[in-house]
Amino acid sequence: MTTSASTTTAPVADARALGLAHYAARGVLEHVLARHGTTFQQQVALRAAVTADAPQTPDDLVTQVRDSLKADPADIRVTLDELLAKQVLVADGAHLRPTDAGRELIAAVGAETAPITARIWGGIPAEDLAAAGRVLALVTERANAELAALTA
């Protein structure tokens, strides 16, 4: 039995803990996105276009979103069509470019989530964040390898 917070045993990181943390954080983001009439997948695709160093083709964006979300390419193409219809992306020859409205949307969501993110992540020691980052990178690498083997 523990007697104080300082002697409490921390839970071991595992797939369930990772999933719970992911869905809790995603729930916060989706709440904010809903106020802007945007879905999570739309935000991921639009952010990829906004943050790209060079103009992206639809195939480039599908690949980036698929790598991030493991989503079906056909569903991602529907998402790109939705972003074009919302006029936050625009076709420019073979490329899709974010519009000013698209950049403003990403900036607004970022500004709205920044204080929430600060409250969630604030006060966590840098060494804990570094350790968590290393573990999450390794889990991501291994899970991607397993998924590649399953879908080969």
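Is Q87 buried or exposed in this model? At 59% relative accessibility, Q87 counts as exposed. The model is a predicted one, and the sections below go from the chain as a whole to single residues.

## The chain as a whole

The protein chain contains 6 helices and 2 strands. Read along the sequence, these elements come in the order α-α-α-α-β-β-α-α. The C-alpha atoms fill a box of roughly 65 × 40 × 25 Å, taken along the principal axes.

The chain has 152 residues, and buried residues make up 21% of them. Contacts also link parts of the sequence that are far apart: among contacts between residues at least 6 apart in sequence, 55% join residues at least 24 apart. A separate example of distance along the chain is the pair A132 and A13. These residues are 119 residues apart along the chain, and their C-alpha atoms are separated by 9.2 Å. A132 is found in helix α6 and, at 33% relative accessibility, counts as partly exposed.

## The two strands

Strand β1 covers residues 89-92, and 4 bridges join it to β2. The two strands run antiparallel. D92 stands opposite H95, a residue of β2. The hairpin of β1 and β2 has 2 residues between the strands, and in this hairpin G93 takes a positive phi near 65 degrees.

Strand β2 covers residues 95-98, and its side chains alternate. L96 and P98 point to one face and are buried. H95 and R97 point to the other face and are not buried.

## Two residues with positive phi

Most residues other than glycine have a negative phi. Two residues depart from this pattern, and both are found in loops. K70 is not a glycine, yet has a positive phi of about 60 degrees. The place of K70 is in the loop between α3 and α4, where α4 covers residues 73-85. With a relative accessible area of 40%, K70 is partly exposed, because that value falls between the limits of 20% and 50%.

Q87, the residue from the opening question, lies in the loop between α4 and β1. Phi of Q87 is near 60 degrees, which is again a positive value in a residue other than glycine. Q87 counts as exposed because its relative accessibility is 59%, and the limit for exposed is over 50%.

## A buried glutamine

Q42 lies in helix α2. Is Q42 buried or exposed? The relative accessible area of Q42 is 4%, so Q42 is buried; the limit for buried is under 20%.

What does Q42 touch, not counting residues up to four places away in sequence? Its contacts of this kind are G37, T79, E82, L83 and K86. There is also a polar atom of the Q42 side chain that lies 3.0 Å from the backbone nitrogen of T39.

## The largest pocket

Rolling a probe the size of a water molecule over the atoms shows where empty space is left. The largest pocket has a volume of about 1100 Å³. It is lined by 30 residues, and those closest to its centre are L18, A21, H22, W121 and L136. The elements that give two or more residues to this lining are α1 (15-35), α2 (40-51), α5 (100-121) and α6 (126-151).

Which element gives the most to the lining of the largest pocket? That element is α1, with 9 residues. By class, the lining of the largest pocket has 21 nonpolar, 5 polar and 4 charged residues.

## The second largest pocket

The second largest pocket has a volume of about 410 Å³. Of the 15 residues that line the second largest pocket, S68, K70, T140, A143 and N144 are the closest to its centre. K70 is thus both a residue with positive phi and a part of this lining.

Two or more residues of the lining come from each of α1, α3 (58-69) and α6. The largest share is that of α6, which gives 6 residues to the second largest pocket. By class, the lining of the second largest pocket has 8 nonpolar, 4 polar and 3 charged residues.

Methods
Residues are numbered from 1 along each chain as its sequence is written. This is a predicted model: local features need pLDDT of at least 70, side-chain atom pairs count only at pLDDT 80 or more; totals for chains, interfaces and linings use all residues. Side-chain values use heavy atoms; hydrogens and water are left out. Buried means under 20% relative accessible area, exposed over 50%, partly exposed in between (1.4 Å probe, protein chains only). Helices (H or I, at least four residues) and strands (E, at least two) are DSSP runs, numbered from the N terminus. Two strands pair if DSSP finds at least two bridges between them. On a 1 Å grid over the protein atoms alone, a cavity is a set of points where a 1.4 Å probe fits but cannot get out, and a pocket is an open set with protein on both sides within 12 Å along at least five of seven lines; lining residues have an atom within 4 Å of a point. Grid points are joined across faces, edges and corners, and a volume is the space filled by probe spheres set on the points. Ala, Val, Leu, Ile, Met, Phe, Trp, Tyr, Cys and Pro count as nonpolar, Asp, Glu, Lys and Arg as charged, and the others, Gly among them, as polar. A polar contact is a pair of N or O atoms within 3.5 Å; within protein, one must be able to donate a hydrogen and the other to accept it, and residues adjacent in sequence count only if both atoms are side-chain atoms. Contact means heavy atoms within 4.5 Å.
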